[in-house]
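Visitor: I would like to walk through this fold with you. Could we take it piece by piece?

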Amino acid sequence: MSREAVIFNVQRFSTEDGPGIRTTCFFKGCPLSCLWCHNPEGISPRPQTMWYDVRCIGCRSCVDVCPVGALTAGDKGIKINRSTCSACGKCADACPAAAIEIIGKSWTPEALTDEVLRDSAFYETSGGGVTISGGEPLAQHEFVMDFISRCKGAGLHVALDTSGYAAPAVFDPAADAADMVLLDLKTLNPEAHLAWTGVPLEPVLRSARRLGETRKRVWVRTPVIPGATDSPENIAAVARFIADNLPGCDRYDILPFSNLCASKYERLGMEFRFKETPLVPMERMEELKAAAERAGAPNVVIQGLTTRKSQPE
């Protein structure tokens, strides 16, 4: 078993990543490259340095201590040469304003289990538990299997939040060990899936069908991305797949696009293709919800930010 995993956030009091109040552990690293990814800091498997312009006081302490000269100060603030930056953390330690942060911390399974157990009282009273998310947590599958075992041994409910893009030898044991799976199904069009996520669709569908065969409890989630996944036809196709293949699915979440992650892309030196894309109107989300319900999906939930409904004149 892997002795350490790189995790970029342990989010307490989460209410959207499974039933009840949960602690969500976000694992770094993902084989997909979705152009709309809301957690771009979860794509790379390695720790990354992030600079916050709104906190910076211009003292240059970070520049002075960098052992490889990866930081420079200019008119627009601190620039990070990511080809040389090792995310050693010396800059973050030196910054008096907390304007530099290292995204990604190594955890042992024992330490992470102790961390999530701190919230046991909330799990018990709300019917919640621990959600293992990412990135794609199965990219660190050995650690995940160890962590699931420890959580289950402590009596915690465990949800696995996954893209489903993993080999059977990796996906099946983890899905079987978890109490439930939160599965992303973005589109059933193979060409579109490859174009938007960078990986083929079939491994995802194989994982989904495996969940159906085992009648695992599942929540399916589809991000509603303008120009990519937001057509009623796409949502209906996913809904029909759920109805035909996932008898354990008791909820289908359609997640309206959010551009609130744009600042993360800037701070990581990454391009965000959807930076200027507006939020999805509630009217559109309700239209998609109706399409999913007509196609047979159970308990369709709109989860996330939308623009307000237009008011009558």
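Guide: What follows is a short set of questions and answers on a predicted model.

Visitor: Which strands stand at the edges of the open sheet?
Guide: The open sheet has 9 strands with mixed pairing. Their order is β7-β1-β2-β8-β9-β10-β11-β12-β13. An edge strand has a single partner, so one of its sides is left without a neighbour in the sheet. That singles out β7 (105-107) and β13 (300-302).

Visitor: What does the twist average from one strand to the next?
Guide: Take the strands in the order just given. From each strand to the next, the twist averages 30°.

Visitor: What is the bridge partner of Y252 in β13?
Guide: Strand β12 covers residues 249-256. It runs parallel to β13, and 3 bridges join the two. In β13, Y252 is partnered by V300.

Visitor: Which helix gives the most to the largest nonpolar core?
Guide: That core holds 69 residues. F27, L112, F147, V220 and Y252 touch the most other members. One of these, F147, is in contact with residues beyond four places in sequence, including C25, P109, L112 and I132. A second, separate core has 12 residues, among them W51 and C66. For the largest core, the top contributor gives 6 residues: helix α9 (residues 232-245).

Visitor: Against which elements do the buried residues of α6 pack?
Guide: Helix α6 spans residues 168-177. V170, F171, D172, A174 and A175 are buried there. The buried residues pack against two helices and two strands: α5 (141-153), α8 (202-214), β9 (158-162) and β10 (180-184).

Methods:
Residues are numbered from 1 along each chain as its sequence is written. This is a predicted model: local features need pLDDT of at least 70, side-chain atom pairs count only at pLDDT 80 or more; totals for chains, interfaces and linings use all residues. Side-chain values use heavy atoms; hydrogens and water are left out. Two strands pair if DSSP finds at least two bridges between them. Helices (H or I, at least four residues) and strands (E, at least two) are DSSP runs, numbered from the N terminus. Axes are lines fitted to C-alpha atoms, for helices over the stretch in contact, and angles run from 0 to 180 degrees between N-to-C directions. A nonpolar core is a set of buried Ala, Val, Leu, Ile, Met, Phe, Trp, Tyr and Cys residues joined through side-chain atoms within 4.5 Å. Buried means under 20% relative accessible area, exposed over 50%, partly exposed in between (1.4 Å probe, protein chains only). Contact means heavy atoms within 4.5 Å.
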